[in-house]
Amino acid sequence: MSEVPRVREGEYDEDNMPEPSTLSPITAEDFPRWLDLPKDMWETWEPRLRLPTGGTMWPPDSNIIGTKVGGWPAWTQPADWPNCESGHRMEHLLTITGDIQLGDCGGVYFFHCRQCPGLPWDWRFDCH
């Protein structure tokens, strides 16, 4: 077995070295964006949030944007929920977004199906 190579003096540009980061999880309430609401629920709420100009003002803090486990995807583009091979809509498992730049500030969303053996999973990516 070979030994892991060590970094030598001057081998890397100090300005391009990764900086350590920490994970400081917090618990937060997360709600779906209007794009994820069932049609009948959207039809109930949309008139209540309609502006005099004709547009709709959805509460801006309803969906947490950032890296998170569980909750609802903070889609940058229209919602794109995957289905498993059995046709079940998969559940949101994990979002990686916010503090890292993917494309032009998009996110990666991971999903799984708890109804199927083996917990099949899938992912989606979106950006601005």
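**Exercise 1. In what order do the four strands of the open sheet lie, and with what pairing?**

*Solution.* The model is predicted: local features need pLDDT of at least 70 and side-chain atom pairs pLDDT 80 or more, while totals for chains, interfaces and linings use all residues. Residues are numbered from 1 along each chain as its sequence is written, and side-chain values use heavy atoms, with hydrogens and water left out.

Step 1. List the elements. The chain holds one helix and four strands, in the order α-β-β-β-β from the N terminus. Helices (H or I, at least four residues) and strands (E, at least two) are DSSP runs, numbered from the N terminus.

Step 2. Arrange the strands. The open sheet has the order β1-β2-β3-β4, with antiparallel pairing. Two strands pair if DSSP finds at least two bridges between them.

Step 3. Identify the edges. β1 and β4 each have a single partner strand, so one side of each lacks a neighbour in the sheet.

Step 4. Examine one pair. β1 and β2 run antiparallel and are joined by two bridges; Lys 68 has Thr 95 in β2 as its bridge partner.

**Exercise 2. Describe the salt bridge within helix α1 and the exposure of its partners.**

*Solution.* Step 1. Apply the criterion: a side-chain nitrogen of Lys or Arg lies within 4 Å of a carboxyl oxygen of Asp or Glu. Lys 39 and Glu 43 form such a bridge, at 3.8 Å from N to O.

Step 2. Locate the residues. Lys 39 and Glu 43 are about one helical turn apart, because they stand four residues apart in helix α1 (residues 39-45).

Step 3. Classify the exposure (buried under 20% relative accessible area, exposed over 50%, partly exposed in between; 1.4 Å probe, protein chains only). Lys 39 is exposed at 62%, whereas Glu 43 is partly exposed at 48%.

**Exercise 3. Determine which residues are joined with Arg 124 into one salt-bridge network.**

*Solution.* Step 1. Take the bridge to Asp 80. The side chains of Arg 124 and Asp 80 meet at 3.0 Å, N to O. This pair links distant parts of the chain: Arg 124 belongs to strand β4 (residues 121-126), and Asp 80 lies 44 residues away in the loop between β1 (68-69) and β2 (91-96).

Step 2. Add the bridge to Asp 122. Its closest N and O atoms with Arg 124 are 3.2 Å apart.

Step 3. Compare accessibility. Asp 80 is partly exposed at 39%, and Asp 122 is also partly exposed, at 24%.

Step 4. Combine the bridges. Shared partners join Asp 80, Asp 122 and Arg 124 into one network.
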